[in-house]
Amino acid sequence: MSTDTTKNTARNTGAASRTTLLRALTAAGGLAGVFSTFLAWTWTAEFPGDLTVYGYPGGLQLLTLVLALITTAFAGAALGIRGLRWLTPAGSTMALRGAALGTFATTWFTVIAIAVDLDGLVNLEPGGFVAALATAIPVATTFLLPDDTRPICRPKALPSWAEILIIAGAFAVGLYVLNYGIQTDADHPEPFIGYLIAVIFGALALVKSGLIARISALTTTHRSTTLVAALVTAVVFPFLQEKASFTELGVSIAIFATVALGLNIVVGLAGLLDLGYVAFLGVGAYTAALVSGATSSTIGVHFPFWAAMITGAVVSLIFGVVIGAPTLRLRGDYLAIVTLGFGEIFRITVLNLDGTSGPSVTNGPNGIPNIPPLEIFGFNFDDEHTFGGLTLDSNGNYYLLMLLVTILVVLVFSRAGNSRIGRAWVAIREDETAATAMGINGFRVKLIAFALGATLAGVAGTVWAHFQTTVVPEQYVFAGPVPPNSTFLLAAVILGGMGTIGGPLLGATLLFLIPKKLEFLQDYQLLAFGIALILLMRFRPEGIIPNRRQQLEYHETGQLDVPDDTGLPNSAVGVTKAEA
Amino acid sequence: MTTITTTNPVLTATGVTMRFGGLTAVRSVDLAVHPGEIVGLIGPNGAGKTTFFNCLTGLYVPTEGTVSYKGSVLPPKPHLVTQAGVARTFQNIRLFANMTVLENVLVGRHTRTREGLWSALLRGPGFKRAEAASKERAMELLEFTGLADKADHLSRNLPYGEQRKLEIARALASDPGLLLLDEPTAGMNPQETRATEELVFAIRDKGTAVLVIEHDMRFIFNLCDRVAVLVQGQKLVEGTSDVVQSDERVVAAYLGTPFEGDPGEAEAAEVEAAEAGAAGATGGAGLTNTTGATGDAGGTTARTEDEQ
């Protein structure tokens, strides 16, 4: 027994020193990676980004630099260097693996892309080889390290100004990362692919290190600060864009994110699978177009925008009730099929209301072009406006208007979700029979969710029509390569996370931005969607941002009734219990 | 055990019949539950007890007959039945698994609160007051059922016995005048069954009448002022525990009547004689046991038989 203990101790000491060595090697590899980004990786500027300069990093090298710095910092934290240990509250090895893999993948992607794009390894400067080697070291060492994942310990209390600063910093970093992605060169896919790889692995590393959990804990304690920070981040966005096309991306993202959030009320909260949701966006857009005073509109009226918005909302509401009333008595699959049918009926009807196949309302396939720009109290949305030295172009105007609509929808979602009616929705989703036995009028409650979702989509549609300046029926299909379509919206909700506010916003951003930046994917976009969804369902069925309930479901450590780790007297009992 | 017949009944079912195609699951059952009463409903598996419950609570629309609560006929919609004041639990636990314990009970408050979508969106003082009141009442009920310290847990994570308790708390949240419990102790150990018994008594003492389906005979006969026996969709007998326990038809329904019918009485006598011959060692099988079932040990025997 005693010899055993000594042996164990000796082995433990050996293992400990080996771990320390590996961690030191990881740190060294990280530093070497940092150093390599200051070298030239290729000799010609033909490759996008400026990778030809000795002395400072450029283009894709920046991504390697950031990830290598993260790797070094995490390795420092793992080595227990004072001042760095707070970086890995949930254990360092998994975080290190994420960071090291990210550095490796980004760098090797860059190096390989250089070799492939420019035909041959000969185009690589020595710096490229240094980088490739340097970033491979941490991958090898981190996968030899033992897993030291631990539950997050209660952090040291910081003064509240520091916590608020951290939140602000987190939002600033988030905005910078998003901005970097939006501003990558759309003509070359390489920078964006590199960016995607870096972001995915970087996010993984941060999640594994426990930093994300820390920050989200901070955001729940400082709710109002977080809201202000989010608002400021969103408002600042258009002022940071150099090109109008970047702001335009922002407007589209805001619109689709808003519509996806509206769909999330129907799908995520009430559990009603709506496959024709885009039709309500279409109803709102067509209504706004018809009352906009456009020359090709068959109704010769010109409503002020607020009235057009209300009209769009009301018409969508009516459509929602008319569609919902007969169909919401159905459950599950039947409802999905009926809504799918409704979506197609809307498109085909609009296509046929052209004066020849049916009454002349929508101009059929030509749609309603030349919708005049919005004007609210003399503020023309097509003109540039300057406030205190900051210039807002047309897209910026629409972005800020759309932001207001997004805030409205976020408010509706959070308030309705956290109330008597919201609980009734979730109860219906969980078990409709039990819910009705608890006194919930299932039909009525579902109709409210359906109509509310339709109304919000209609509101977004009114802005969408003016922003696009034209509405055509072919935009409102079930599935297609160009958003919006019902599949896109549903995929955004599922990818992001059902029942959350952040989920659909993030999902819509990703699903819109990725195909826009990777134009070569255009033909395979639906295929890529399908593969992405299958992978998601396999590896993270709750979506990127799981809601609170699912978080409890998957991370039950905070629950008192979880039998492990609390007071099993000895391992023997534990074994019997586990076997029983 | 006093039966209260002078007061007006809380629940009256008259001639309730439920047919599914050619199958008559419940055949003209009459039942009355009076205020402050605990009534048991027993019967072998497949006797139609749960179907009868579903008829009472509006999940099924009875083919014939009416159900009235405090004198007014109940509408055949579950949510309206709950609103009227009849709450229920389910045989197979049907909690909202991904909601917290507190939220489950709050959903039970649904019919007793009025706040609609607009008030939720506008968040006026009325909304906040109503939410606070609902929460307070829900916590009271969790306190009452002993789940208060688990209010923030997901209901799926509760152990089995507590899930049953939560179902009762959720049903009580609608302030019912009558509570229908469908096998509240199924799968419980004796201690948990005892605790449930106490809980049901406490509910009765708070002024809620209880109608309970159960297979645990000891539980039923301890608890109930009156017991009705349902066999093959028909009410066989109704009365106090003693009446039911000593009724031969009840015993027959649970244990069968092996010596009636086809074998003929002569044959039966023959078998009996043969058994009497062999009785020395085994002490007589079925018959002695059957007699025992009518006596004090009836509860356990009947239960064992039923579970097979």
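## Two helices side by side

Let's start in chain A, where Tyr398(A), Leu401(A), Met402(A), Val405(A), Val409(A), Val412(A) and Ala416(A) from α13(A) meet a set of residues on α16(A): Leu452(A), Leu456(A), Val459(A), Ala460(A), Val463(A) and Phe467(A). Sort the residues of this contact by class and you get 13 nonpolar, no polar and no charged. Keep in mind that this is a predicted model.

How do the two helices run relative to each other? Their axes come within 10 Å and cross at roughly 175°. Angles over 145 degrees count as roughly antiparallel, so that is the label for α13(A) against α16(A).

## The nonpolar cores

Helix α16(A) turns up again in the largest nonpolar core, where it gives the most, with 16 residues. That core holds 180 residues, and the members that touch the most others are Ala260(A), Ala289(A), Ala449(A), Ala460(A), Leu489(A), Ala492(A) and Leu178(B). Note that Ala460(A) is also one of the α16(A) residues that meet α13(A). As background, nonpolar side chains tend to be buried together in soluble globular proteins.

Take Ala492(A) as a sample member. Skipping neighbours within four places in sequence, Ala492(A) is in contact with Phe256(A), Ala260(A), Pro504(A), Gly507(A), Ala508(A) and Leu511(A). Another core, of 44 residues, lies apart from the largest one and includes Ile70(A), Met94(A), Val139(A) and Leu206(A).

## Two more helices of chain A

Helix α10(A) covers residues 278-290, which makes 13 residues, and its first and last C-alpha atoms are 18 Å apart, close to the 18 Å expected at 1.5 Å a residue. Is α10(A) enclosed or not? All the counting points one way: 13 of the 13 residues of α10(A) are buried, so the rest of the structure largely encloses this helix.

Helix α5(A) spans residues 160-182, and its 23 residues should reach 33 Å at 1.5 Å a residue, which agrees with the 33 Å between its end C-alpha atoms. Which residues of α5(A) are buried? They are Ile167(A), Ala170(A), Phe171(A), Gly181(A) and Ile182(A). As for partners, the buried residues of α5(A) pack against α6 (189-209), α7 (211-221), α8 (223-236), α9 (244-269) and α18 (502-517) of chain A.

## Where the chains touch

The contact between the chains draws 28 residues from chain A and 33 residues from chain B. On the chain A side, the elements giving two or more residues are α13 (394-417), α14 (420-430), α15 (432-437), α16 (442-468) and α20 (548-554). The largest share there, seven residues, comes from α14(A). By class, this side of chain A has 13 nonpolar, six polar and nine charged residues.

## A look at chain B

Chain B has 13 helices and ten strands. Of its 308 residues, 43% count as buried. Among contacts in chain B with a separation of 6 or more, 69% are between residues 24 or more positions apart.

For a close-up, pick Ser134(B), which is found in helix α5(B), residues 125-145. Is Ser134(B) buried or exposed? Ser134(B) has 22 other C-beta atoms within 10 Å, so this residue is buried. Leaving out neighbours within four places in sequence, Ser134(B) is in contact with Leu106(B), Arg109(B) and Thr113(B). Val105(B) sits 29 residues away from Ser134(B) along the chain, with 9.2 Å between their C-alpha atoms.

Terms used: Residues numbered from 1 in each chain as written. Chains lettered and ligands numbered in written order. Predicted model: local features only at pLDDT ≥ 70, side-chain atom pairs only at ≥ 80, totals over all residues. Contact = placed C-beta atoms within 7 Å. Helix = DSSP H or I, 4+ residues; strand = E, 2+ residues; numbered from the N terminus. Nonpolar A, V, L, I, M, F, W, Y, C, P; charged D, E, K, R; others polar. Expected span 1.5 Å × (residues − 1). Buried ≥ 20, exposed ≤ 12 C-beta atoms within 10 Å, placed from the backbone. Core = buried A, V, L, I, M, F, W, Y, C linked by C-beta atoms within 7 Å. Axes fitted to C-alpha atoms, helices over the stretch in contact; angles between N-to-C directions. Parallel < 35°, antiparallel > 145°, perpendicular 65-115°, else oblique.
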